[in-house]
Amino acid sequence: MLTLTCPCCGVTAEETEFSPGGEAHLKRFGPGSSDQEYEAYMFNRKNPRGVHFERWRHAYGCGKWFLAARCTMTLEVFGTYAAQTLEPPAEIVAKIKDRHPGWEGYS
Amino acid sequence: MSDMLNSALPGAGFAGFVTVNEAGLRGMITLRGDLSSPVLAGVLKDAMGLDMPAQRRVTQAGTAFAAWMSPDELLLMLPYDQAGAMAQKLAGALAGEFATVANVSDARAVFTLQGAAVFDALAKICPVDFSDFAEGDIRRTRAAQVAAALWVSGADQVTLVCFRSVAQYMFDLLCAAAAPGSEPALYA
Amino acid sequence: MSHRLPHGGRLIDRAQPQNFTFNGKSLTGFRGDTVAAGLLANDQMLLGRSFKYHRPRGVVAAGAEEPNAMLGLGQGNRYEPNQCATTTEMFDGLQAQSQNHWPSLEFDLLSVNSLMPQFLTAGFYYKTFMRPRAFWKHVYEPIIRRSAGLGKAPDKDARDPDRYEQVYAFCDILVLGGGIAGLQAALSAAQTGAKVTLWEQTAHWGGRAPVDGMQINGQPAQDWIDATVAALQAMENVQLRTRCMGAGVHDHGYVLGYERIADHMPGTDAPRHRLWRMRARQIITATGAIERPLSFAGNDVPGVMLASGLRDYIVNYAVAPGQRIVVVTNNDDAYRSAIVAVEAGLDVPAIIDPRPVVDGDLPARARALGITVLEGRAIRKVKGGKRVTSVEICRQDSSGGVVERSIDCDAVAMSGGWSPVVHLWSHCGGKLLWDDAGSFFRPDPARPPLGADGAGFVRACGAANGHLQDVLADAHGCAQACAQATQAPGQPDAPAQMETPAEAPMQAVWMMPAQASYDLRMKMWLDYQNDVKVSDVQLAAREGYQSVEHTKRYTTLGMATDQGKLSNINGLAILSDALGQPIPATGTTTFRPPYTPISIGAIAGEARGPIFQPLRRSPVHDWHSANGADWEPVGQWRRPFAYLRAGETRHDAVNREVKNTRENVGLLDASTLGKILVRGPDAGRFLDMMYTNMMSTLKPGKCRYGLMCNENGFLMDDGVVARLDEDSFLVHTTSGGADHIHGWMEDWLQCEWWDWQVHTVNLTEQFAQFAVVGPKARTLLERLGGMDVSRDTLPFMEWCEGTLGGFDARVFRISFSGELSFEIAVPAGQGRAFWDRLMAEGADLGIMPYGTETLHILRAEKGFIMIGDETDGTVIPQDLGLNWAISKKKADFLGKRGMEREAMVNPDRWKLVGVETLDGSVLPHAALAVTGGKNANGQAQTEGRVTSTYYSANLGRGIAMALVRNGPDRMGEVLNFAGDAGKDIKARIIDPVLIDKDGAKQNV
């Protein structure tokens, strides 16, 4: 069972205080989008073996959503950061590259 | 009016290795807005005499308290019969601000836990490290299967707030946690 | 015979005799005994029967690795099967029963299984029960069911009377195991200032050291242990717990600890077990090592036990497992057992050692006591049935064809070397190294389990780390490393000094004698409980099994309650030999938590009885309870399904409530409805995205019904929105959907449109909300007084607020029944008094409360949909004829793009209609409309299904709604719905609105 630090209230808590929300940084495609765009938004997920970015909500705590960068193999947590971002912040990316020199970077 | 009003579990109490008492009616106001805004802080000070609490802290002025609930939410506590008027006053003072005031005095149940081993009882139901908890700290967490806010409201005293509908569950849970003979001797 | 010695026993108190029973026989032990020690003291060596062959089984070990001594303990409500006699403490009044025999322990008819061991070889189940196929159900399965399972399940009416609990705890450094390594590690760690917790699974500190006669700092080990425990107890940053086993190490430093608080004192007010849910930054496993058996023919005969176990019984409990004990060992350590036995006045006729030359310190001491050491020799075979009677000796380097001599004895102490307890290291991914010198796997410090920061968080020390010497220095170093990892400020003192006699190298011996013939190998037990022998593993290898995991499952090696603690390494060695590869190439099976079985009670913790799960109660719950409520779960809420009066059935009650609400006035507790305040300059714009219809155009004071869809376009929730003022809306959701919809809104506000100025506040529990429904509803409210609720002042789909009969009320003129209806919200604290007042004022108007079933029937009579009945997560609003509630003006709303997909605009989608049976009967729930044909899978072709079906007392017949292919275009057509027993039920497609089609009643 993971521990995560909520960047919104500063609490480090066990996984049971949080609820998971799937892959982070998805772009919403609404009316007017092509079938491919809509499919990508709704159904296509990276599900990587390794570095992953995901959404979490501090459901039993402050109620806020945040994002986490995590390795799905080792369960190492590289960091958590605000949900109000379009891509991982530079310091998180740098930390991941430090730990996983072969990582191709966020795309 | 008093015979028309009931808290969630009037008079419920239990004396275990920690005492558990339903705290009765308590005025509560949810205030959402930009907590770093000087306007908000000014209104809080003017209307209730309260300082803006820091992250996960509770401030006090007389019988009024302001508890930090999330980066954009406070829970204001005051005597029950003052809550309606205070909510109106705050809403009026914050007109024009992006802020929301709601009287939630009836939405919750409040329990007072008292005893030197209060954290030993809470450690059975909350996944929280209480070792550094100080008076005036508040922590929102999980108590067994429901959400709760824990506030160190005095020496050997914790005020626990949960939703009104689960008051009976919470009371039964706290009684089990404080049952004599089950002291885990962890913090106390 | 096994017996109590006249002197000694470091853990027993002879002043406190304890009476207990075994299979009904009264016996006496002492305080401090384990159940196994108490039984052995009474010459009860035979304790059970093995699983497959029902072979006699006796005590093999003195600790958690015991595979044989599994007993049923207690009676009635406290009866529990499969309790381990070697780890259960004796108490006065204990009742124990042996297991897995029929009809009796001494005489077991099923032991004929062991007369034909070829029949039950590896893979027996897979090979035997394949054919003939028809035999499975009527022959094989009944036989297997009768003989399967170990121990007897508790009586079905028994209820566990004990309490259990869990505790969340946190520390910097958690030390698992309170032997001398664990104590030294805890002391060194604590001296750095780190917050330290130390758990020991037994009731005693110090582990094996006092039994083995170790000297620490020039003193007997016990003195150092006592002083160290006292020092640790005096430190504020240290928590010590005995009877607390580290059960499992999990991700991110999460460790489960199983504390057996009251197993040895049942009936006190303490909880029986406590499950510690510990988060540790660093973990030290000081879990020691387990001795391995040797594989020789007849090594399962009662009286053959581990050398260390035999030593434990003599030293700790003053119990001699036999009077004439042969020791067989491939290492020096077991000589201690021979020495201890002779010093206790017992006879040790010989030590059998396969090593060609034996010349270490311990053998020298044994020889000095006059014990014969037979070098290069092996036990060829143990003789005896329910008890050892003699052993046959042969050369180790032989096939066992020649018996050199035979030695009479009543016990055999064996040692095949030691294996570190690597379980806790391995649970969370720690990897192992093969140690050739010790012939064991030990933790590979380069590949530890990784924590949240990507660094290792478990370290092993002492015997658990493969260090059978220098244990204290290893523990100290381990503690220092952990302290550094947790940034503890201080420096520890130097560790204690330990003197250990030099031990000569052990010799790996996996079979005795080395070239044993088949008839010997098929009597060499690897897994005592599951009856897996050397020959079985060899057979599996010949049959093509290469993976150790597959071999385990095929042979059941290591699948017994001890999970292979004794059998694992010996089995791996046999498999590796059969495959012609080194042991590390074979690898180990996976170590999974818990280390030893833990009780279901500890796992459940406090969650039983009234607090099994939270029940949400409305402010009027107690009134409902006192007035005949027949409860229905709605999420975690309990709502009255109907209110049963004396003598009424549910059906009667529902019919009464249904009729009364349409004829007089009904009262519904709707407090569970979700109520969410949505407020801010962008609130209207936000709700336009949330709902399929337009909400921003709603005027303050008005109400509007709306639909919410997910991004697939599937209908998710519905309800009435009231606009409170320019910036504020009050959103009503379904009872089950309140938390979900609140979370859904926050998700979009926080993660997608974070620049929009909108706040939400969940006010669900702030208000008690009651629906006053029926032709006399207005009369009732007018009697309360205080607000004008006339048709002109408060028309349909508007709301107003004020005081009603002195209560602070917000009144919504909305209807889910088609009747004149008011939903009134008052602060929850006033809810009960307001309800009482309505009941009192409405008495002469015929007011009756009604439950959820009446709510459903009233809405179904009007053709209103219910989320969860008409919807199932694949239904779009268009399927339900709700196109009128889907805005065509809005460029975007959640679900709009999803609804445009090809499958969603397919004209053949199943759509909502009413259906009525031709005979007036009530259709079964979820009945399918069948066409008579079959689909490609041979299933009946369908063209629709029932979504809601009720008996309507108002109409005097069954009513239903259904989703039917092209349904709205097929009015009047008769469908066949599949009923019970292949009978079709004919029903006609009709308009779903059955009562007051014009809506005149709700508009008065």
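# Questions on a predicted model

Biologist: With 17 C-beta neighbours inside 10 Å, how does C:Arg970 count?

Modeller: This is a predicted model. A residue is buried if 20 or more other C-beta atoms lie within 10 Å of its own, and exposed if 12 or fewer do. C:Arg970 has 17 such neighbours inside 10 Å, so it counts as partly exposed.

Biologist: In which loop does C:Arg970 lie, and which residues is it in contact with beyond its neighbours within four places in sequence?

Modeller: C:Arg970 belongs to the loop between β50 (957–965) and β51 (974–978) of chain C. Its C-alpha atom is separated by 9.5 Å from that of C:Arg988, 18 residues apart along the chain. Leaving aside neighbours within four places in sequence, the contacts of C:Arg970 are C:Val964 and C:Ile989.

Biologist: Is strand β39 (residues 715–725) of chain C largely enclosed or left open by the rest of the structure?

Modeller: β39 of chain C has eleven residues, and nine of them are buried. The strand is therefore, with respect to the rest of the structure, largely enclosed.

Biologist: How many bridges join β38 (residues 703–709) of chain C to β39(C), and how many residues lie between these strands?

Modeller: β38(C) and β39(C) run antiparallel, and C:Tyr705 has C:Val720 in β39(C) as its bridge partner. In the turn of this hairpin, C:Gly713 has a positive phi of about 90°. The bridges number seven, and the residues between the strands number five.

Biologist: Which residue in β40(C) is the bridge partner of C:Arg723?

Modeller: β39(C) also forms a hairpin with β40(C), with two residues between them. Four bridges join β39(C) to β40 (residues 728–733) of chain C, and the two run antiparallel. In β40(C), the partner of C:Arg723 is C:Phe729.

Biologist: Which strands stand at the edges of the open sheet β23-β24-β25 of chain C?

Modeller: Three strands form this sheet in the order β23-β24-β25 (chain C), with antiparallel pairing. Each edge strand has a single partner, so one side of each is left without a neighbour in the sheet. The edge strands are β23 (377–384) and β25 (405–408) of chain C.

Biologist: Which residue in β24(C) stands opposite C:Lys383?

Modeller: β23(C) pairs with β24 (residues 388–395) of chain C in the antiparallel sense, over seven bridges. Opposite C:Lys383, in β24(C), stands C:Ser390.

Biologist: What separation is there between the centres of domain 4 and domain 5 of chain C?

Modeller: The domain assignment of chain C includes domain 4 (518–581) and domain 5 (614–901). Taken over C-alpha atoms, their centres are separated by 65 Å.

Biologist: What radius of gyration does chain B have, set against that of a compact globule?

Modeller: Chain B has four helices and eleven strands, and its C-alpha trace spans about 55 × 40 × 30 Å along the principal axes. With 188 residues, a compact globule would have a radius of gyration near 16 Å. The value for chain B agrees with this, at 17 Å.

Biologist: What share of the residues in chain B is buried?

Modeller: Among contacts in chain B between residues at least 6 apart in sequence, 62% join residues at least 24 apart. Of the 188 residues in chain B, the buried share is 54%.

Biologist: How many nonpolar, polar and charged residues are on the side of chain A that touches chain C?

Modeller: The contact takes 21 residues from chain A and 20 residues from chain C. By class, the chain A side has ten nonpolar, six polar and five charged residues.

Methods
Residues numbered from 1 in each chain as written. Chains lettered and ligands numbered in written order. Predicted model: local features only at pLDDT ≥ 70, side-chain atom pairs only at ≥ 80, totals over all residues. Contact = placed C-beta atoms within 7 Å. Nonpolar A, V, L, I, M, F, W, Y, C, P; charged D, E, K, R; others polar. Pairing = 2+ DSSP bridges. Rg over C-alpha atoms; globule rule 2.2 N^0.38 Å. Domains from an automatic or database assignment.
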